[in-house]
Amino acid sequence: MFAPSDLDVLVPTKDRTGALAVTLAGLAAQTVSGFRVVVSDQSHEPVADDPLVAAQLRILDHRDRPAAVHRHLPPRGMAEQRAFLLGRAGRRLALYLDDDVWLEPEAIEVLLSAISELRCGFVGYALHGLSYRDDVRPAELAPYEEWTDGVRPERVRRESPAWQRHTLHNASNPLHLARKHLGSPGPREWRPYKVAWIGGCVLYDRERLAECGGFDFWRSVPPRHAGEDVVAQLRVMERYGGAGLLPSRAYHLELPTTVTDRRAECYDYVFETVWAR
């Protein structure tokens, strides 16, 4: 059974002090303590100088969730940012948490329970976009399929039927999936389901992520790129499997994306090598 002391929470951030403060407040309010928080800051002004962020850092430390902020400049893209964070992690588990995500208090406790039981490469929460909570999309929910007999490795690519699972995480689909398949779940209830990938809140077995190359492909992609988390997860899933968890206990703050140029998809440079050349 993995414990909070086995966990590093890795948070990349850039010019989002208000959102980062909300994210850190969610971590400070978790039902478990003993994990570490590592922030990679690529903001124009140091986030640690912001009063709200500084207050949350003090609260985290006070509540036995020690936090460290690393200034990491110049920016070389999200893949390099995530690789930098992975290099600062030293515990068995690594939770990549975006800087615009609020977690329910039981979120990390449940993630630890799930990866302890499933023993796969990663588990995660798709993000709720609650401004869409009344927007029910039955066709996008159709690819849902639970893992019922343990999580197994899968090879997922664009041409495979499993790729269509990406619609499960649009808008507020995670909320509607939970309502449809779980009804009123208990505070620590969870079910694993099959994914194409998960954005924003993913807990990895750090050693397995590193074994699969982590984010070291950053050197082979343009600095302005997107989809770095997709590549890392497809690699881990192919060797060790991965799962989403219902109900999701992660909420997107729905700020505008900081990745505005998405013309270079990491998938094309890593998996479509002939095209990339």
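**Group meeting: cores, cavity and backbone features of a predicted model**

Let me begin with Pro74, which is placed in the loop that runs between strand 3 (67-71) and helix 3. The bond joining Leu73 to Pro74 is a cis peptide, with omega of about 0°. Please bear in mind throughout that this is a predicted model.

A second cis peptide bond leads from Leu246 to Pro247, where omega is near -5°. Pro247 belongs to the loop between strand 9 and strand 10 (250-252).

Staying with the backbone, I turn to residues with positive phi. Asp64 is not a glycine, yet its phi is positive, at about 60°. Asp64 sits in the loop between helix 2 (51-62) and strand 3, and its relative accessible area of 44% makes it partly exposed. Arg119 is also a residue other than glycine with a positive phi, here near 55°. Its loop connects helix 4 and strand 6, and Arg119 counts as partly exposed at 46% relative accessibility.

I now move to the interior. The largest nonpolar core comprises 42 residues, and those making the most contacts inside it are Val9, Leu27, Val37, Leu103, Ile108 and Cys201. Helix 4, residues 107-118, supplies the largest share of this core, namely eight residues. Apart from this core there is another, of 41 residues, which includes Leu85, Leu86, Ala89 and Phe217.

What is Cys201 in contact with, once its neighbours within four places in sequence are left aside? The partners are Leu95, Tyr96, Leu97, Leu103, Leu111, Gly124, Tyr125, Leu127 and Ala250.

Cys201 also brings us to the cavity, since it is one of the lining residues of the largest cavity. The structure holds one cavity of 30 Å³ or more, and the largest cavity contains about 60 Å³ of space. Its lining consists of Arg82, Tyr96, Asp98, Ile198, Gly200, Cys201, Val202, Tyr204, Phe215, Asp229 and Gln233. Two elements give two or more residues to this lining: strand 8 (201-205) and helix 8 (228-240). Strand 8 gives the most, with three residues. Sorted by class, the lining of the largest cavity has six nonpolar, two polar and three charged residues.

Helix 8 deserves a closer look. It has 13 residues, and the distance from its first C-alpha to its last is 18 Å, close to the 18 Å expected at 1.5 Å a residue. Why can helix 8 be called largely enclosed by the rest of the structure? Ten of its 13 residues are buried, and that is why the description applies. The buried positions in helix 8 are Glu228, Asp229, Val230, Val231, Ala232, Gln233, Leu234, Val236, Met237 and Tyr240. Two of these names, Asp229 and Gln233, have already appeared in the lining of the largest cavity. The buried residues of helix 8 pack against helix 3 (78-88), strand 6 (122-124), strand 8, helix 7 (206-211), strand 9 (242-246) and helix 9 (266-270). Just after helix 8, Gly241 adopts a positive phi of about 80°.

Finally, a residue at the surface. Lys180 is part of helix 6, residues 173-181. With a relative accessible area of 59%, Lys180 is exposed. Along the chain, Lys180 and Leu141 are 39 residues apart, and 9.7 Å separates their C-alpha atoms.

Technical notes: Residues numbered from 1 in each chain as written. Predicted model: local features only at pLDDT ≥ 70, side-chain atom pairs only at ≥ 80, totals over all residues. Heavy atoms only, no water. Core = buried A, V, L, I, M, F, W, Y, C linked by side-chain atoms within 4.5 Å. Buried < 20%, exposed > 50% of the residue type's maximum accessible area, 1.4 Å probe, protein only. Helix = DSSP H or I, 4+ residues; strand = E, 2+ residues; numbered from the N terminus. Contact = heavy atoms within 4.5 Å. 1 Å grid on protein atoms, 1.4 Å probe; cavity = no way out; pocket = protein on both sides within 12 Å on 5 of 7 lines; lining within 4 Å. Points joined across faces, edges and corners; volume = space filled by probe spheres on them. Nonpolar A, V, L, I, M, F, W, Y, C, P; charged D, E, K, R; others polar. Expected span 1.5 Å × (residues − 1).
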